[in-house]
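Let's walk through this model together, starting at its surface and ending at a loop. Please keep the structure open as you read.

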Amino acid sequence: MEDQEMQLKVRRVSDKFTESMYVLANEPSVALYRLQEHVRRSLPELVQHKTNMQSWEEQSQGAIYTVEYACSAVKSMTNSILYFKNIDGLLHQAISMKEQISNSQGRRLYDVTPSPSPLVSAPHAPSPSS
């Protein structure tokens, strides 16, 4: 009887040991298979996300460049107010000079008396000596 009990205990221990060895032997391969399955399913989606992010990054870099360029243009415009003031002053001077010239030419036209002969009022060609 003791022999049968011993055989039963040995058999249980042996079965448990075999089951443990089987689980240990197959567990990593099952885990790796599940991991491979997960990667195969999720990898195309991750690649698509990566390409989308790269595209967005390129668009963002372009927008950042545009904004920085616009900011520098605005800054240079604010620095050019002195030039615009100078141009404004020169334009006012030019307008007043034009008015003075127009006024002086207008007075000369009224000051000139008509000549009695049409030959005298005709414009003369410049002489070669002058």
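A patch, as the word is used here, is made of residues with over 30% relative accessible area and no salt bridge, and nonpolar side chains are joined into one within 5 Å. Please bear in mind that the model you are looking at is predicted. With that in hand, look for L32, L35, V39, L43, L46 and V47, which make up a nonpolar patch on the surface; together they have about 550 Å² of accessible area. Take V39 as one of these residues: V39 sits in helix α1. Its relative accessible area is 39%, so V39 is partly exposed, and this value passes the patch cut-off because that cut-off asks for over 30%.

Now step back to the whole chain. How many helices and strands does the protein chain have? There are three helices and zero strands, and the order from the N terminus on is α-α-α. Of the 130 residues in the protein chain, 2% count as buried. The chain exposes about 12,800 Å², with carbon and sulfur atoms supplying 63% of that area.

Helix α1 deserves a closer look. It has 78 residues, and the distance from its first C-alpha to its last is 107 Å, close to the 116 Å expected at 1.5 Å a residue. If you follow α1 along its course, you will meet a kink of about 40° at S42, shortly before the proline P44.

Next comes a charged pair in this helix. Side chains of opposite charge can pair when their charged atoms come close. Here E37 forms a salt bridge with R34, and the closest N and O atoms are 3.7 Å apart. That distance qualifies because the rule asks for a side-chain nitrogen within 4 Å of a carboxyl oxygen. Why are E37 and R34 separated by about one helical turn? The two are three residues apart in helix α1, which covers residues 2-79. As for its surroundings, E37 is partly exposed, with a relative accessible area of 22%. The count of salt bridges by this rule comes to one.

Finally, move on to the loop between α1 and α2 (81-111), where you will find S80. Is S80 buried or exposed? S80 is buried, because its relative accessible area is 14% and buried means under 20%. The side chain of S80 also has a polar atom that lies 2.7 Å from the backbone oxygen of M77.

Definitions and conventions. Residues are numbered from 1 along each chain as its sequence is written. This is a predicted model: local features need pLDDT of at least 70, side-chain atom pairs count only at pLDDT 80 or more; totals for chains, interfaces and linings use all residues. Side-chain values use heavy atoms; hydrogens and water are left out. Helices (H or I, at least four residues) and strands (E, at least two) are DSSP runs, numbered from the N terminus. Buried means under 20% relative accessible area, exposed over 50%, partly exposed in between (1.4 Å probe, protein chains only). The expected span of a helix is 1.5 Å times one less than its number of residues. The bend at a residue is the angle between axes fitted to the seven residues ending there and the seven starting there. Patches are made of residues with over 30% relative accessible area and no salt bridge: like charges are joined within 9 Å, nonpolar side chains (Val, Leu, Ile, Met, Phe, Trp, Tyr) within 5 Å. Accessible areas come from the Shrake-Rupley method with a 1.4 Å probe; for residues, only the protein chains shown count as cover. A polar contact is a pair of N or O atoms within 3.5 Å; within protein, one must be able to donate a hydrogen and the other to accept it, and residues adjacent in sequence count only if both atoms are side-chain atoms.
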